[in-house]
Amino acid sequence: MTPPRNPDGAERIQLAWTRERPGTPVESIGVITRIWHAGKLLADDRRRTLARLGIDAATLDLLSTLRRHGAPYRMTPAELKEACLVSAGAISQRVARAETSGLVRAHRSSGGRTSAVELTAEGHALIEGSVDELLRHEQALVEHLTPAQREQLAELLRALLDGLVARLADPRTAERPPSSGSG
């Protein structure tokens, strides 16, 4: 027989609401609260990890998107906007910061508008080192789960996200959120 375990925070919240308001639907707390808590832990850890790697999340997203696009690691601002799921203004800011740091080169048309953005050798080197270290670190965070559990969890999260996008996303932009630049 499995020994009883202590309730976690989500279970304690469910039990309290059930005690105080019998009949209140509390089942979602077991999912939403745990995802919210895991998301907070992972976001905090990612900020610390990226700071240690010397790259911020926006730059990681920009450089990762260009790198994953494949050689010659060049995209238009419109392609970057679509791939990163951010506004044109956000892409402009990201490109300007990365260009100032020597991580990307912006090609401009005769009118001065950016027509393409490409990784520089320095940007390529930074993303190669950063993504390897970040993904190794994040892999270690989930290694307490078996490969089958990780696969099952990934599929369950995909189903959850698909349902949330269908219910909550702006129909004009009903896309999955970006991957925050990893992998």
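This passage describes surface, pocket, salt-bridge and backbone features of a predicted model.

The model is predicted, and local features were accepted at pLDDT of at least 70, side-chain atom pairs at pLDDT 80 or more, while totals for chains, interfaces and linings use all residues. Numbering runs from 1 along each chain as its sequence is written, and side-chain values rest on heavy atoms, with hydrogens and water left out.

A nonpolar patch on the surface is formed by V31, I32, I35, L153 and L157, with a combined accessible area of about 390 Å². Patches comprise residues with over 30% relative accessible area and no salt bridge, like charges being joined within 9 Å and nonpolar side chains (Val, Leu, Ile, Met, Phe, Trp, Tyr) within 5 Å. Accessible areas were obtained by the Shrake-Rupley method with a 1.4 Å probe, and for residues only the protein chains shown count as cover. Helices α2 (27–53) and α7 (147–168) each contribute at least two residues to this patch, and the largest share, three residues, is that of α2. Helices (H or I, at least four residues) and strands (E, at least two) are DSSP runs numbered from the N terminus. Within the patch, I32 is located in helix α2 and is partly exposed, its relative accessible area being 47%. In this classification, buried denotes under 20% relative accessible area, exposed over 50%, and partly exposed the range in between (1.4 Å probe, protein chains only).

The second largest pocket has a volume of about 160 Å³. A pocket is defined on a 1 Å grid over the protein atoms alone as an open set of points with protein on both sides within 12 Å along at least five of seven lines, where a cavity is instead a set of points where a 1.4 Å probe fits but cannot get out; lining residues have an atom within 4 Å of a point. Grid points are joined across faces, edges and corners, and the volume is the space filled by probe spheres set on the points. The lining consists of P77, A78, K81, A88, I91, S92, V95, A96, E99, R108 and T114. Helices α4 (77–84) and α5 (88–100) each provide at least two of the lining residues, with α5 giving the most, six residues. By class, six lining residues are nonpolar, two polar and three charged. Here Ala, Val, Leu, Ile, Met, Phe, Trp, Tyr, Cys and Pro count as nonpolar, Asp, Glu, Lys and Arg as charged, and the others, Gly among them, as polar.

Side chains of opposite charge can pair when their charged atoms come close. The model contains 12 salt bridges, each defined by a side-chain nitrogen of Lys or Arg within 4 Å of a carboxyl oxygen of Asp or Glu. In one of these, R94 pairs with D61, the closest N and O atoms being 2.8 Å apart. Because R94 lies in helix α5 and D61 in helix α3, this pair ties together parts that are 33 residues apart in sequence. Both R94 and D61 are buried. By contrast, R19 and E20, whose side chains form a salt bridge at 3.0 Å (N to O), are both exposed. A further salt bridge joins R158 to E155 at 3.6 Å (N to O); both residues belong to helix α7 and are three residues apart, about one turn of the helix. R158 is partly exposed at 43% relative accessible area, and E155 is likewise partly exposed at 45%. In addition, K40, D44 and R47 are linked in a network of salt bridges.

R47 also takes part in a contact along the backbone trace: its C-alpha atom is separated by 7.6 Å from that of A57, 10 residues apart along the chain. A57 belongs to helix α3 (residues 57–69) and is partly exposed at 42% relative accessibility. The C-alpha atoms of L141 and L42 are separated by 9.1 Å, with their positions 99 residues apart along the chain. L141 is located in helix α6 (residues 121–142) and, at 32% relative accessible area, is partly exposed.

Several backbone features occur in loops. The peptide bond from A71 to P72 is cis, with omega near 10°, and P72 lies in the loop between α3 and β1 (74–75). Y73 is found in the loop between α3 and β1 and has a positive phi of about 55° although it is not a glycine. L85, another residue other than glycine, has a positive phi near 55°. L85 is placed in the loop between α4 and α5 and is partly exposed at 34% relative accessibility.
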